[in-house]
Amino acid sequence: MKVSICGCGWLGLPLALSLKSQAIEVWGSKTTLAGVNILQQQGIHGCLLTLPLIENINTQVEQFLATDVLVIAIPPGRKNLNSQAHIKNVMSLSAAAQKAGCKRVIFISTTSVYDPLQGEVFETTPVCPSSASGQLHYQLEQQLRQQWQHNLTVLRLSGLFGPLRHPVTFLSGRQQLSAGKQPVNLVHLDDCIQVISAIIQQETSMLIMHLAASTHPSREQYYTAMALKSQLPPPHFNDDNDGVNGKKINSNQTLKSLGVIMKHDDLLQYDPQI
């Protein structure tokens with residue numbers, strides 16, 4: 001099997017290394033030659049790729065796209081979000097992949113497509129994106145579905161955390177934060193890799209999946225605990241009921257269909273310093 005990962009960053013690179021350890025032929029893309037060299041040094045076929053793709057792509061890019069599974073893991077960026085440019089980039093990649101003979105696509109989306117829903121959210125829950133990121137990802141989901149039909153799997157991930165990346169570092173010491181009673185929806189890098197690997201290896205009938213730990217402590221409880229474990233000043237939340245209900249992503253169906261047991265399901269047991 002050959003798998004190509006467009007976007008070998010914080011999620012894509014560990015995924016590539018995990019797949020390589022399973023004797024899968026792995027290709028990864030970077031936007032600089034230095035990045036390509038790093039991939040090649042780790043035994044991954046590196047491809048220099050910048051988006052949007054023009055019509056006449058080179059041989060290396062064509063080899064990258066002629067794959068059994070293409071994982072699209074390109075974050076749009078939080079600062080200066082340009083939705084139309086990002087859609088153009090992803091769809092040019094998708095069109096070129098289809099032309100090159102790619103068989104399946106896994107698109108990494110976000111559970112922000114469910115904002116501002118409250119209560120338990122399942123894979124079949126209708127979306128209602130309100131944020132710019134949620135709207136952007138849902139547009140891409142729809143356009144990619146038109147192009148790939150049942151050969152597209154959409155995986156909506158909750159907030160990511162893991163080695164050298166934890167949201168407590170951004171909230172530490174901050175004052176007068178709102179929505180302290182709102183439940184958190186987070187997922188560890190290891191569990192993302194587990195699920196993406198299972199989707200690649202299996203023929204699943206679920207076309208839309210999502211992923212979050214099954215525990216949903218409140219923001220105040222969780223980030224206070226994580227700050228103490230990290231020996232950081234805890235954040236301070238207002239005593240309000242803003243978002244007290246919030247949404248809780250239920251991933252049971254996704255996990256059951258893939259036969260995956262999460263490694264980091266109890267969020268309060270995690271040590272951010274690991």
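**From a loop proline to the core**

Pro-116 sits in the loop that connects β5 with β6 (119-121), and in this predicted model the peptide bond leading from Asp-115 into Pro-116 is cis, with an omega near 0°. A cis bond also joins Leu-51 and Pro-52, where omega is about 0°, and Pro-52, too, is a loop residue, placed between β3 and α3 (59-65).

From the loop after β5 we can turn to the strands themselves. β5 and β7 pair in the parallel sense, and six bridges hold this pairing; one of the matched pairs is Val-105 with Leu-152, the latter being the partner in β7. β7 also pairs with β10, again running parallel, and here four bridges join the two strands, with Leu-211 of β10 as the bridge partner of Leu-157.

How many of the six residues of β7 are buried? Six of the six are, so that the strand is mostly covered. To follow how this arises, it helps to recall that in a regular strand the side chains alternate between the two faces of the sheet. In β7, Leu-152, Val-154 and Arg-156 belong to one side, Thr-153, Leu-155 and Leu-157 belong to the other, and the residues on both of these faces are all buried.

Some of these residues lead us on to the nonpolar cores. The largest nonpolar core has 35 residues, and those with the most contacts inside it are Ile-5, Val-71, Ile-108, Leu-155 and Leu-211. At least two residues of this core come from each of β1 (2-6), α1 (12-21), β4 (69-72), β5 (104-110), β7 (152-157), α7 (189-201), β10 (208-211) and α9 (252-258), so both helices and strands appear among the suppliers. Which of these elements gives the most to the core? It is α7, with eight residues.

Leu-211 offers a closer view of this core, for once residues up to four places away in sequence are set aside, Leu-211 touches Leu-155, Arg-156, Leu-157, Ser-158, Val-187, Asp-191, Cys-192, Val-195, Ser-251, Leu-255 and Met-262. There is also a second, separate core, which has 26 residues and includes Cys-6, Cys-102, Leu-136 and Val-154.

Leu-136 brings us to His-86, a residue of helix α4 (residues 83-100). Leaving out residues up to four places away in sequence, His-86 touches Leu-136 and Leu-140 as well as Ile-74, Pro-75 and Pro-76. Is His-86 buried or exposed? His-86 counts as buried, because its relative accessibility is 8% and the cut-off for buried is under 20%. The side chain of His-86 also reaches the backbone oxygen of Ile-74, at 3.4 Å.

Helix α2 (residues 33-41) shows how a helix can have two unlike sides, for Gly-35, Val-36 and Leu-39 are buried in it. Why can these residues be said to line one face of the helix? Seen down the axis of α2, the buried residues fall within an arc of 100°, and therefore they line one face. On the other side of α2, Leu-33, Ala-34 and Gln-41 are exposed. The cover over the buried residues of α2 includes α1, β2 (25-30) and β3 (45-48), and just after α2 comes Gly-43, which takes a positive phi of about 80°.

Positive phi values also turn up at residues other than glycine. Gln-176, although it is not a glycine, has a positive phi of about 55°, and Ala-179, likewise not a glycine, has one of about 60°. Gln-176 lies in the loop between α6 (168-171) and β9 (186-188), and Ala-179 is placed in the loop between α6 and β9 as well. Their surroundings contrast, however: Gln-176 counts as exposed because its relative accessibility is 52%, whereas Ala-179 counts as buried because its relative accessibility is 8%.

One more loop returns us to the elements of the largest core. Thr-204 has its place between α7 and β10, and with a relative accessibility of 18% Thr-204 counts as buried, since the cut-off is under 20%. A polar atom of the side chain of Thr-204 lies 3.2 Å from the backbone nitrogen of Met-206. Beyond residues up to four places away in sequence, Thr-204 touches Met-209, Ser-257 and Leu-258.

Definitions and conventions:
Residues numbered from 1 in each chain as written. Predicted model: local features only at pLDDT ≥ 70, side-chain atom pairs only at ≥ 80, totals over all residues. Heavy atoms only, no water. Core = buried A, V, L, I, M, F, W, Y, C linked by side-chain atoms within 4.5 Å. Buried < 20%, exposed > 50% of the residue type's maximum accessible area, 1.4 Å probe, protein only. Contact = heavy atoms within 4.5 Å. Polar contact = N/O pair within 3.5 Å; in protein donor to acceptor, adjacent residues only side chain to side chain. Pairing = 2+ DSSP bridges. Arc of directions from axis to C-beta.
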